[in-house]
Amino acid sequence: VNQDNLKKCEALVKLESVNKYYQSGDERIHALKNISLELPHQGLVFVLGQSGCGKSTLLNVLGGLDKPEEGRILIEGADFSKFTKNELNNYLNSYLGFIFQEYNILKDLNLYDNIALPLEMQHVNKKEIKERTNEIIDLVGLGDLKKRKINQLSGGQRQRIAVARALIKNPKMIIADEPTGNLDSAT
């Protein structure tokens with residue numbers, strides 16, 4: 001993403017007539033129907049609706065996990081569909097934090113390693129990885145569980161790993177698909 005576009009664009013993300021379809025047997029499902037919206041540089045945007053209305057599909061399209069068949073997505077004025085492979089990797093690895101509904105935590109890694117992984121993928125030096133990972137683990141209240149395997153953690157603890165993993169990159173945008181579904185109200 002070209003940082004020079006930041007000053008030129010009012011919206012962080014802009015969707016223009018975005019359409020997404022899925023095939024289910026003989027049926028073609030129109031999951032996103034001419035979605036046009038702008039997401040600001042700051043603040044929170046909530047997408048509400050009944051189950052099956054396309055909320056997760058919209059988030060997957062915004063997160064680059066799915067592509068629309070029609071329409072355009074602009075990230076700080078740059079057409080997402082025209083990103084080079086390197087620009088797409090930069091967007092996914094640095095610019096965007098994603099908190100998945102199903103966590104997408106790696107079961108072979110412990111809590112600490114799951115949270116540190118995004119920084120390793122960005123080739124951050126080991127000292128900074130250790131400092132930032134320990135800081136974010138404490139921030140989400142998991143400091144005493146760093147070496148625990150994933151199968152030894154509750155759903156709420158796994159959810160906090162997913163939140164920490166998105167936050168650790170200090171991204172410009174976080175996409176969260178039901179990020180508090182397994183957390184108690186105090187957490």
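Val 18 has its place in strand E1, and in this predicted model the residue counts as buried because its relative accessibility is 0%, where buried means under 20%. Leaving aside residues up to four places away in sequence, Val 18 touches Leu 32, Lys 33, Asn 34, Ile 35, Val 61, Pro 68, Glu 70, Gly 71, Arg 72 and Ile 73. One of these partners, Pro 68, stands 50 residues from Val 18 along the chain, and the C-alpha atoms of the two are separated by 6.3 Å.

**Confidence**

The average pLDDT of the chain is 87, and 91% of the residues score at least 70. Among the elements, helix H5 (residues 126-139) has the highest mean pLDDT, 96, whereas helix H1 (residues 5-8) has the lowest, 47. Over residues 1-7 the pLDDT stays under 50, and for this stretch the model has 15 contacts beyond four places in sequence. Where pLDDT is low, the predicted coordinates should not be read in detail.

**Nonpolar cores**

In soluble globular proteins, nonpolar side chains tend to be buried together. The largest nonpolar core here has 21 residues, of which Val 13, Ile 73, Ile 75 and Tyr 91 touch the most other members. Two or more residues are given to this core by each of strand E1 (11-24), E2, H2, strand E3 (70-75), helix H3 (85-95), strand E5 (96-99) and strand E6 (173-176). A second core, separate from that one, has 19 residues, including Tyr 103, Ile 136, Ile 137 and Leu 142.

Ile 73, which is also a contact of Val 18, touches Val 13, Lys 14, Leu 15, Val 18, Val 61, Pro 68, Ala 78, Asp 79 and Phe 80 when residues up to four places away in sequence are not counted. Thr 57, found in helix H2, is buried, with a relative accessible area of 12%. With the same sequence neighbours left out, Thr 57 touches Lys 20, Tyr 22, Ala 31 and Leu 32.

**Salt bridges**

A search of the whole structure finds eight salt bridges, and three of them are set out here, with the separation of N and O atoms.

| Pair | N to O separation |
|---|---|
| Lys 14 and Glu 38 | 3.7 Å |
| Glu 16 and Arg 72 | 2.9 Å |
| Glu 76 and Lys 172 | 3.2 Å |

Lys 14 lies in strand E1 and Glu 38 in strand E2, so their salt bridge ties together parts that are 24 residues apart in sequence. Both ends of this pair count as partly exposed, Lys 14 at 30% relative accessibility and Glu 38 at 48%. The salt bridge between Glu 16 and Arg 72 links distant parts of the chain, with Glu 16 in strand E1 and Arg 72 in strand E3, 56 residues apart. Here too the residues are partly exposed, with relative accessible areas of 24% for Glu 16 and 36% for Arg 72. These four residues belong, together with Asp 79, to a network of salt bridges made up of Lys 14, Glu 16, Glu 38, Arg 72 and Asp 79.

The salt bridge of Glu 76 with Lys 172 likewise links distant parts of the chain: Glu 76 is in the loop between E3 and E4, and Lys 172 is in the loop between helix H6 (155-167) and E6, 96 residues apart. Glu 76 is buried, with a relative accessible area of 0%, whereas Lys 172 is partly exposed, with 36%.

**Backbone angles and surface**

Glu 76 also has a positive phi, near 50°, in a residue other than glycine. Another residue other than glycine with a positive phi is Asn 34, where the angle is near 45°. Asn 34 lies in strand E2 and is exposed, with a relative accessible area of 53%, although Asn 34 is among the residues that the buried Val 18 touches.

Which residues make the nonpolar surface patch of about 450 Å²? Leu 44, Phe 46 and Leu 48 make this patch. Phe 46 lies in the loop between strand E2 (27-40) and helix H2 (55-62), and Phe 46 counts as exposed because its relative accessibility is 66%, where exposed means over 50%.

Technical notes: Residues numbered from 1 in each chain as written. Predicted model: local features only at pLDDT ≥ 70, side-chain atom pairs only at ≥ 80, totals over all residues. Heavy atoms only, no water. Patch = residues over 30% accessible without salt bridge, like charges linked within 9 Å, V, L, I, M, F, W, Y side chains within 5 Å. Areas by Shrake-Rupley, 256 points an atom, 1.4 Å probe, with all protein chains shown as cover. Salt bridge = Lys/Arg side-chain N within 4 Å of Asp/Glu carboxyl O. Helix = DSSP H or I, 4+ residues; strand = E, 2+ residues; numbered from the N terminus. Buried < 20%, exposed > 50% of the residue type's maximum accessible area, 1.4 Å probe, protein only. Core = buried A, V, L, I, M, F, W, Y, C linked by side-chain atoms within 4.5 Å. Contact = heavy atoms within 4.5 Å. pLDDT = per-residue confidence, 0-100.
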